[in-house]
Amino acid sequence: MAEPTIDARVSPLAHLAERMRAAAVTGARGVTLTEWPFVTMVNLRVDPASEAADRIEKTLGTPLPRQCGHTAASGPHTVAWLGPDEWLVLSQAEATAVADELRAALADAPGSVVDVSANRTTLELSGPAARQVLEKGCPLDLHPRAFGPGRAVSTTVGPVAVLLWQVDDRPTYRLFPRSSFADHLARWLIDAMSEYRGPEVP
């Protein structure tokens, strides 16, 4: 009989889980912060005009985004534009399977497929005050006229380098910092959220 598989992974922010829960604010100025650990992330590089890119698009079930800030989604996959020939594939599917399928589609064409799931973690900031919290330390114009659902760009937040993705218009944002900087970013966000517990200053 096979031995049961034990997942011994510890997320970069497991030690702050209770502090993030306690930092949640409810009401009209509500905002919450949670970690989504162990999200599958695969870095993809390929010439977007190549036959290999066509094969990859069929594998993912969606065209590769061609413009800065754009994302595309299909099934368990979301693809974020990182550069003219570079994308980050975020997926609910198992990392090894996603990377193997993309490598098979790339075949011997120039490019690369690298599982970078352990390189970053995922923080989700959500609620009516989420944009105001981010605006304390993000240089982007996050107003809905400039940045909305489906947009994802590389930027800094307080002052950690992240990929910032707006998921919906609640608004909900997902931030992808390097794992080694996740503690600093989470503590910064917890501090930035604290003022929304009190009444709005006229």
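**View 1. The largest nonpolar core of the predicted model.** Thirty-one residues make up this core, and those that touch the most other members are Leu123, Leu125, Leu134, Leu164, Leu175 and Leu189. Two or more residues each come from strand S7 (122–126), helix H4 (130–135), strand S8 (152–157), strand S9 (160–168), strand S10 (172–177) and helix H5 (182–193), with H5 giving the most, namely seven residues.

**View 2. The surroundings of Leu164.** When residues up to four places away in sequence are not counted, Leu164 touches Leu134, Cys138, Leu140, Leu142, Phe147, Arg151, Ala152, Val153, Thr155, Tyr173, Arg174 and Leu175. Apart from the largest core lies another core, which has 18 residues, including Ala52, Val79, Trp87 and Leu102.

**View 3. The largest pocket and its lining.** The space in this pocket comes to about 270 Å³, and among the 17 residues that line the pocket, Val39, Pro76, Ser91, Gln92 and Arg174 lie nearest its centre. Strand S4 (77–83), strand S5 (86–91) and S10 are the elements that give two or more residues to the lining, which by class consists of nine nonpolar, seven polar and one charged residue.

**View 4. The second largest pocket and its lining.** With a volume of about 190 Å³, the second largest pocket is lined by 14 residues, of which Arg9, Phe38, Val39, Ser117 and Ala118 are the closest to its centre. The lining of the second largest pocket divides into six nonpolar, five polar and three charged residues. Val39 is thus listed close to the centre here and also among the residues nearest the centre of the largest pocket.

Methods:
Residues numbered from 1 in each chain as written. Predicted model: local features only at pLDDT ≥ 70, side-chain atom pairs only at ≥ 80, totals over all residues. Heavy atoms only, no water. Core = buried A, V, L, I, M, F, W, Y, C linked by side-chain atoms within 4.5 Å. Buried < 20%, exposed > 50% of the residue type's maximum accessible area, 1.4 Å probe, protein only. Helix = DSSP H or I, 4+ residues; strand = E, 2+ residues; numbered from the N terminus. Contact = heavy atoms within 4.5 Å. 1 Å grid on protein atoms, 1.4 Å probe; cavity = no way out; pocket = protein on both sides within 12 Å on 5 of 7 lines; lining within 4 Å. Points joined across faces, edges and corners; volume = space filled by probe spheres on them. Nonpolar A, V, L, I, M, F, W, Y, C, P; charged D, E, K, R; others polar.
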